[in-house]
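Colleague: I have this one open for the first time. Can you walk me through the empty spaces and then a sheet?

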Amino acid sequence: MTSLTQDNTKTTPFGETPDTPNTSSTPGTPTIAVIGAGIAGLSAALAVANGDPDSGLPGQDVTLITKTDLVESNTYHAQGGIAAAIFPDDDPKLHAQDTLAAGAGLCEPKAVDILTREGAEQVRRLIAAGVRFDKHPDGTLLRGLEAAHSRSRVVHAGGDATGKIVELDVSAIARNTPHIHIIEHAFVVDLVTEPVDAHSLAASEAQAAGVTRVIRGIRLFDTTTGELRTLMADRVILATGGAGRLYPYTTNPQVATGDGLAAAWRAGAQVADLEFYQFHPTALGVGEHFLISEAVRGEGAILLNERGERYMTAIDPRAELAPRDVVACENFRQMMTQGGRPVLLDATAIGRKMGLDQPGLAAFLAHRFPTIDAYTRSMGFDWSREPIPVTPAAHYWMGGIRTDLWARTSIRGLYAAGECARTGVQGANRLASNSLLEGLAYGRRAGLAALRDSEDTVWNPQPLLGSAANAQTREITEPQTLAMSSPDTQAEPSAKPADVRDTIEQTMWHGVGVLRDADGLSHAQSRLTGLVEQTRAQAQAALSKVAKTAKKPKTDATATATDDTTAATTTPATASAPAPGDIADTVTALENRNLAAIGLIAATAALARTESRGAHARTDFPDTDSVQACSRPFIRG
């Protein structure tokens, strides 16, 4: 597929048979765009395209925009599975209890109830649609146990390739859905907004809800031609995933640079919980820090220090199956005591648990974890014989763009779902295998809301008090303004984008990493303040350079971007084309602009939270504080 072009064929999505009429040309029908094609974006696009036949809501055309190829996403790289209470010995209420417990007091109970009930139904839809989940010979679903779950409820596909198979199967459904039009290789530079009409009938309602702007479109950069264009839209659903590339050690793919979150922030959307970044306890300690799934420990693998001592039994009664924040922090502490060298994951314990000899264990690991088995062997390890080195790595961001229960944000017409959103389901620490479930449940909700909402609909967010019972928390839950002001001293403007990326990663790892304190956070905050200005200037310069040689864009309408980086940039008509290296540098510069901004918010939020809770661990404030058992919202000043 060529870039910035559209393509689709036909199939029956999610097992639903009725064809819906093309309503995109009906007067008053909103133009809807979905940004991101992981499970959240695909679910949103399918919900728009199919509508809701049960309630008589017809589907309509939707544009699905992806940064690279359609299937490249965090979903594609997810291993462990999808947690769903769909078995006879389980119940969504039990799943909700486990989720609330893992969230360390910051989950929104209503949001969690939606996650576990509607998520289970969406998993059943995937199964009915033929998504290739692993099964026993008799045709019943295989399921696994993961950390902090009270039931074995994690369904998987391809052993440890759940995300890949789900992404491939569901994206194929999307490609074959007539109402879904796909644009690949389009980088979202900025959102286009305008002030809410102060004379409209709903102006007072919007003002009361803190809504001051309305979405009007998206600024896109074609990563194959260098074209810059504006796509007008009345509804925009952000499903752009996380930002693992904030850190040098991450399980996330290269595309995970927080683009949607940063664009929403620049446009004026509220964000919350950005201090809570989940570090997966076990990424391979060499190479690309390949994820060693939670499910490996669920099968019986244990953690050892370099002296061969098992240590998690002395830390938590659940040992290796304690919540991820507990395991990741202890792994990090053990590494610090042994000069930063990785700890060890011993899969031979699985063989002892199951009564398997070495060949039997090797066969089991190759069958149950084929992707991990192949990768570890490619790196020279035989994990059926010896422990493998592992380290914590950035994995999942619990915080994001603050939404209500229907994925609406504080910008009218803008929705968010999946990892880029703060729905209230993850709290301070995500329960294992709830991420794909959230994308399924809230991606669908975002799509349906985009169809149903009127032009005047504004968000209705839940209070941010969490489990707090102290009135002092109400001050914390008021949106705090964070100005992205220019620093007194700036970093070297001529630095290469790749070098700037390294600076961002190292600053975040050392200052806003697994374990934090005031000194490290303050230093990171100061450094990132300078990087925000530097990366903004570099992004503008890179876009201007490419614009001089790019072809004339196919612009849908004249619009004003929400950030001065792109507002003054136009693409002239010329017969030449930018060099591939210039386009690549532009993408990196744009990503750096995003990472520096959201990294600064994360550092600021982490410095303000003077306690340890969930994935936020401060060595200078090791205890939890009941006054701070709530989420902190931020908004751009």
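Modeller: One term before the pockets: helices here are DSSP runs of H or I with at least four residues, numbered from the N terminus. Also, this is a predicted model.

Colleague: Fine. Which helices supply at least two residues each to the lining of the largest pocket?

Modeller: α2 (74–77) and α12 (370–378) do.

Colleague: What volume does the largest pocket have?

Modeller: About 370 Å³. The lining has 19 residues, and those closest to the pocket's centre are His77, Gln79, Thr251, Phe290 and Leu291.

Colleague: How does that lining split by class?

Modeller: Into 7 nonpolar, 8 polar and 4 charged residues.

Colleague: And the second largest pocket, what is its volume?

Modeller: About 290 Å³. It is lined by 20 residues, with Asp325, Cys329, Arg333, Gly614 and Ala617 closest to the centre.

Colleague: Which element gives the largest share of that lining?

Modeller: α9, with 5 residues. The elements that each supply at least two residues there are α3 (92–102), α9 (324–337) and β20 (617–618). By class, the lining of the second largest pocket comes to 10 nonpolar, 5 polar and 5 charged residues.

Colleague: Now cavities. How many of 30 Å³ or more turn up in the whole structure?

Modeller: The search finds 8. The largest cavity has a volume of about 730 Å³. Its lining is made of 49 residues, and the closest to the centre are Ser73, Asn74, Thr75, Gly241 and Glu419.

Colleague: Which elements each supply at least two residues to the lining of the largest cavity?

Modeller: The helices are α1 (39–50), α2, α7 (259–267) and α13 (435–452), and the strands are β6 (186–195) and β14 (388–397). You have met α2 already, in the lining of the largest pocket.

Colleague: What about the classes around that cavity?

Modeller: The lining of the largest cavity divides into 16 nonpolar, 24 polar and 9 charged residues.

Colleague: On to the sheet. In what order do the strands of the open sheet run?

Modeller: The order of the 5 strands is β5-β2-β1-β9-β16, with parallel pairing. At the edges are β5 (180–183) and β16 (414–416), each paired on one side only. From one strand to the next, the twist averages 20 degrees.

Colleague: Take β1 and β9. Over how many bridges do they pair?

Modeller: Over 4 bridges, in the parallel sense; β1 covers residues 32–35 and β9 covers residues 235–238.

Colleague: Which residue in β9 stands opposite Ile32?

Modeller: Arg235.

Note on methods
Residues are numbered from 1 along each chain as its sequence is written. This is a predicted model: local features need pLDDT of at least 70, side-chain atom pairs count only at pLDDT 80 or more; totals for chains, interfaces and linings use all residues. Side-chain values use heavy atoms; hydrogens and water are left out. On a 1 Å grid over the protein atoms alone, a cavity is a set of points where a 1.4 Å probe fits but cannot get out, and a pocket is an open set with protein on both sides within 12 Å along at least five of seven lines; lining residues have an atom within 4 Å of a point. Grid points are joined across faces, edges and corners, and a volume is the space filled by probe spheres set on the points. Ala, Val, Leu, Ile, Met, Phe, Trp, Tyr, Cys and Pro count as nonpolar, Asp, Glu, Lys and Arg as charged, and the others, Gly among them, as polar. Two strands pair if DSSP finds at least two bridges between them. Axes are lines fitted to C-alpha atoms, for helices over the stretch in contact, and angles run from 0 to 180 degrees between N-to-C directions.
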